[in-house]
Amino acid sequence: GRSDVLLERTGPNLWQQAYDPAFKQEFTKDRQGNTLVTVYHSSHAPYSLRKIETDWTNFNGNTLNGEYFNPETGVKALIEHQGDQTFSIKIGERNRNGELLTPQRMVVGGYRLQFFKEEDQTGFYLSGDRIQKIIFQKK
């Protein structure tokens, strides 16, 4: 398919994508011991990403359960904690699975949810390829 990824080892810490050999990834550690991946491709300058270490102590995924609403579009979203960092999400009429990356960030298919809690409202911002920060408020 369009997004098939198969990595092949080419060195001790170096991998290349089988279907795009110019795309290479190098896995290393920084001075603090954090895992880094540096991405190389002929079409852009190299860049590095650091693995996020999340402390899940005292986190209760059920606090995200509930119905959310976007007043601008009238779209409803329903979030239900399934266990660990896994959630079922219904946005509009589509059912999807979500994975919590941090207590505030979730990926759902090609979308990202950023949860927030303010004095007078709780909810999340929905972002994707063509949309950014669409607000959903918890009912």
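Biologist: Happy to look at this one with you! What radius of gyration does the protein have, set beside a compact globule of 139 residues?

Modeller: Keep in mind that this is a predicted model. Along its principal axes, the C-alpha trace spans about 50 × 35 × 25 Å. A compact globule of 139 residues would come out near 14 Å, whereas the radius of gyration of the protein is 18 Å.

Biologist: Thanks! How many helices and how many strands make up the secondary structure?

Modeller: Reading from the N terminus, the elements run β-β-β-β-β-β-β-β-β-β-β-β-β. The count for the protein is therefore zero helices and 13 strands, with helices and strands taken as DSSP runs.

Biologist: Which strands form the edges of the open five-stranded sheet?

Modeller: The order in this sheet is E1-E2-E3-E4-E5, with antiparallel pairing. Neighbouring strands are turned by 25° against each other on average, direction ignored. Pairing on one side only marks the edge strands, and these are E1 (7–9) and E5 (44–50).

Biologist: Let's zoom in on E4 and E5. Which residue in E5 stands opposite Val37?

Modeller: E4 and E5 pair in the antiparallel sense, over five bridges. Across from Val37, the residue in E5 is Leu49.

Biologist: And Thr38: is this residue buried or exposed?

Modeller: Thr38 lies in strand E4, residues 35–41. Beyond its neighbours within four places in sequence, Thr38 is in contact with Lys24, Gln25, Glu26, Pro46, Tyr47 and Ser48. Its relative accessibility is 11%, and the cut-off for burial is under 20%, so Thr38 is buried.

Biologist: Nice. Which side chain does the side chain of Thr38 join through a polar contact of 2.7 Å?

Modeller: Among the residues in contact with Thr38 are Pro46, Tyr47 and Ser48. The polar contact of 2.7 Å links the side chain of Thr38 to that of Ser48.

Biologist: On to the largest nonpolar core. Which element gives the largest share of this core?

Modeller: In soluble globular proteins, nonpolar side chains tend to be buried together. Here the core has 15 residues, and Tyr68, Ile79, Met106, Leu113, Phe115 and Phe124 touch the most other members. Two or more residues come from each of E7 (75–83), E8 (86–91), E10 (105–108), E11 (111–117) and E12 (122–127). The largest share, three residues, comes from E8.

Biologist: Last one! What share of the 139 residues is buried?

Modeller: Phe115 belongs to the largest nonpolar core, and its contacts more than four places away in sequence include Leu64, Leu100 and Gly123. Across the protein, the buried share of the 139 residues is 25%.

Key: Residues numbered from 1 in each chain as written. Predicted model: local features only at pLDDT ≥ 70, side-chain atom pairs only at ≥ 80, totals over all residues. Heavy atoms only, no water. Core = buried A, V, L, I, M, F, W, Y, C linked by side-chain atoms within 4.5 Å. Buried < 20%, exposed > 50% of the residue type's maximum accessible area, 1.4 Å probe, protein only. Helix = DSSP H or I, 4+ residues; strand = E, 2+ residues; numbered from the N terminus. Contact = heavy atoms within 4.5 Å. Polar contact = N/O pair within 3.5 Å; in protein donor to acceptor, adjacent residues only side chain to side chain. Pairing = 2+ DSSP bridges. Axes fitted to C-alpha atoms, helices over the stretch in contact; angles between N-to-C directions. Rg over C-alpha atoms; globule rule 2.2 N^0.38 Å.
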